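Please examine the following chain with me. I should like to discuss a few of its helices and residues by question and answer.

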Amino acid sequence: MAVIINREKNIFVLDSESRHYVIGVDKYGTVHNIHWGRKCPIEDYETPYSHDAGHNHRMKDCFREEYTGFGGTVYKESAIKAFFSDACRELDLKYKDFKAEYNSLEITLNDTYYPLEIVLKYELFDGFDIIRKSVTVKNLGEDKIIFEKLMSGEINLPDIKQYNIVNTIGNWGAEYGEVKTPLKGGSLVFESRRGTSGHSNSPNFIAYQNADEKSGDVFFANLVWSGSFKVEISRDVRGITRALLGINPIDFEYTLEGHSEFCAPEIIFGMTEGFGEMSRQLGDYGIKHHLPREFAKTPLPVLYNSWEATEFDVSTEGQTALAQKAAKAGCELFVMDDGWFGERKDDHAGLGDWYVNKEKFPNGIDELIGNVNSLGMDFGLWFEPEMVNPDSDLFRAHPDWAYHYDTRCAHEIRNQLVLNMTRNDVQEYIFERMDTLLSEHNIKYIKWDMNRSLSETGAQNLNNAKMLWLLHTKAVYDIVDRLRKNHPDVQFESCSSGGGRADWGALKHFDMVWTSDNTDSIDRIVIQKNYAMTRPVKTMRAWVTDINWYNRNAPLEFRFNIAMRGALSLGGNLKNYTDEEIEICRKNVELYKEIRPLVQFGSLYRLLDIDRDEVSADLYLDRDNNNGVLFIAAVNTRCMKEPEILRFDGLDDEKVYEFDFDSAHYEKSGAYLKNVGISLDVKKQYYNKIIQIKTK
């Protein structure tokens, strides 16, 4: 891993674990992407230059540029558009210089007339084919510059053949549905305009031509941002495929004052052999280089959340009774959800009044916390800091604290409005309330929720209200970071009406995310598979609950099989569980604690797919390929379905592995298990096996 420079040719090679990403500067100062793929001799790389193809096709549109400015004869989609003080709306960007270290490269562009400087920074990481890229804009003059578009990255795919583009499509309770689109020409857009990354599309993309889990070139990129975003991928008549990722330019502007700078959200992109290697690299990268350092390498606890058991009806007695059951089941953390604050009896009142309800907790919340701690569990609490109910003391005192226009009627979603997070007083109120509660009580876990999108986005406190889309999300990050600094022993979970803020931006500030409000185990097979395609398994909260949509009544053991593939949690009404069911919980939680290092920190191999094979089989291996755990599950299979040949992946050919399966004991080489495999005959409804594998 290194940055290699050919000064004579003005060529820069980002030499990652097994790939080259090559940048070149031509004689006119244009910065090109020359190559992205397998390694070649450094001296062979040359910077291309094209002449105009005709009076309607200009040479700039033929270039694979690293960052395209709007203006001149550029008609392709640009990465940046600026408005200068003299009303000029065009950019003319040229290469200025570079700065390189062992694992990082900075390339600086300047506008040829205006005092605008753009720094493109690339960072490499040992053992990975992942690059982190950031874009910083600097105003070197006195007059302000307004950016109408400021994307985080421009990515050019190397081949001129057609790519298949993968993103997600979803809704509340149905997040991360996979959508694959052959891009023959034109543009694909995946976006959110909600103020969060949302449930519909994801701020990322995957591109491939002929690839599967184990083979074929796979290109991918993730935007490190939790607000409104846009991912646009286009293919032109020459077969050049480009992608742009960044803050959604819809209703967006950023005013850059004189002698100041702004860094756009980062992107994380790379190229791997197969989808499986992509997932494993992103998971490992997240733990080593991205997640908050306090808990990145710490196993996440098995938690119990009270929501489905009690909803808003919380009290010391009721929560303690649940905690006693959760402790018997082996839980390590008890989280009290909504209903503990203000005049909160349902979702019509109380949001914003972050004071313990004295009627529900006459002796204060410490009585409950003490009860939970005496049972050997930590205590956690639910918040929805960005929201306010009109029926709340906070709103009655500060109605101007919500986003609004005086001439428009405010739309309430879930009976709540969105606080104007761009205001300093709002930020300080939220921080003070949460900081005080964390300081005065033994709280070790915060679930930060956001249950609606932004609307009526008037921000009278801002000179440029279009900056609120950026500033709102930045305020969330800033408050969480300040709380983390004051309370480094507290874990934070990102939730947004389920998986509406489950992105790499959230994962830079939160320790984990709530994957979906849909905890039905059958739906969760696909939801969790697609989440883990581009995110670390460790960050995926997965609950065992009583919810069985459509009266499918999946057995408790089956529900554990699915939830144990992420960060295991319990959320059913344990007060209704029999002693036998509590014992089932205890045994599975005990097993999960044993295999937790493999699941949360190991390498994931997807062996069988529920949609393709009617069976789901996921193998988690430790980093030395010595030990593993295999989860197999099926809901229903055809009565005449032939047995599968289950071939393992990731094993060491020379090592001998042993395990028990279907009353048989196996001792086989890794080579045998990978190439020959074992017979898997699945015909039972809610088939469920968890197999521990060890080297002999």
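The exchange below takes up two helix pairs and then several single residues.

Me: What kind of model is this, and how are its residues numbered?
Reply: This is a predicted model, in which local features need pLDDT of at least 70, side-chain atom pairs count only at pLDDT 80 or more, and totals for chains, interfaces and linings use all residues. Side-chain values use heavy atoms, with hydrogens and water left out, and residues are numbered from 1 along each chain as its sequence is written.

Me: Are helix 3 and helix 4 roughly parallel or roughly antiparallel?
Reply: Helices (H or I, at least four residues) and strands (E, at least two) are DSSP runs, numbered from the N terminus. Helix 3 (residues 316-328) packs on helix 4 (residues 366-374) at an angle of about 10°, and their axes are 10 Å apart; axes are lines fitted to C-alpha atoms, for helices over the stretch in contact, and angles run from 0 to 180 degrees between N-to-C directions. Angles under 35 degrees count as roughly parallel, over 145 as roughly antiparallel, 65 to 115 as roughly perpendicular and the rest as oblique. Helix 3 is therefore, relative to helix 4, roughly parallel.

Me: Which residues of helix 4 meet helix 3?
Reply: Contact means heavy atoms within 4.5 Å. From helix 3, the participants are Thr316, Gln319, Thr320 and Ala323. Their partners in helix 4 are Glu367, Leu368, Asn371 and Val372.

Me: At what angle do helix 6 and helix 7 pack?
Reply: Helix 6 spans residues 424-440 and helix 7 spans residues 468-486, with axes 10 Å apart. The two helices are roughly parallel to each other. The angle between helix 6 and helix 7 is about 30°.

Me: How many nonpolar residues does the contact of helix 6 with helix 7 have?
Reply: Residues of helix 6 in this contact include Ile430, Phe431 and Met434, while those of helix 7 include Ile479 and Leu483. Ala, Val, Leu, Ile, Met, Phe, Trp, Tyr, Cys and Pro count as nonpolar, Asp, Glu, Lys and Arg as charged, and the others, Gly among them, as polar. Besides two polar and three charged residues, the nonpolar ones number seven.

Me: Is asparagine 167 buried or exposed?
Reply: Asparagine 167 belongs to strand 11 (residues 163-169). Buried means under 20% relative accessible area, exposed over 50%, and partly exposed in between (1.4 Å probe, protein chains only). Because its relative accessibility is 3%, asparagine 167 counts as buried.

Me: Which residue offers the backbone oxygen that the side chain of asparagine 167 reaches?
Reply: A polar contact is a pair of N or O atoms within 3.5 Å; within protein, one must be able to donate a hydrogen and the other to accept it, and residues adjacent in sequence count only if both atoms are side-chain atoms. The side chain of asparagine 167 makes such a contact at 2.5 Å, and the backbone oxygen belongs to asparagine 204.

Me: What relative accessibility does leucine 124 have?
Reply: Leucine 124 sits in the loop between strand 8 (116-123) and strand 9 (130-139). Among the residues it touches are Met1, Leu14 and Ile131. Leucine 124 counts as buried because its relative accessibility is 1%.

Me: Is serine 663 buried or exposed?
Reply: Serine 663 lies in the loop between strand 35 (656-661) and strand 36 (664-669). Although serine 663 is not a glycine, it has a positive phi of about 65°. With a relative accessible area of 87%, serine 663 is exposed.

Note on methods
Lists of a residue's contacts leave out its neighbours within four places in sequence.
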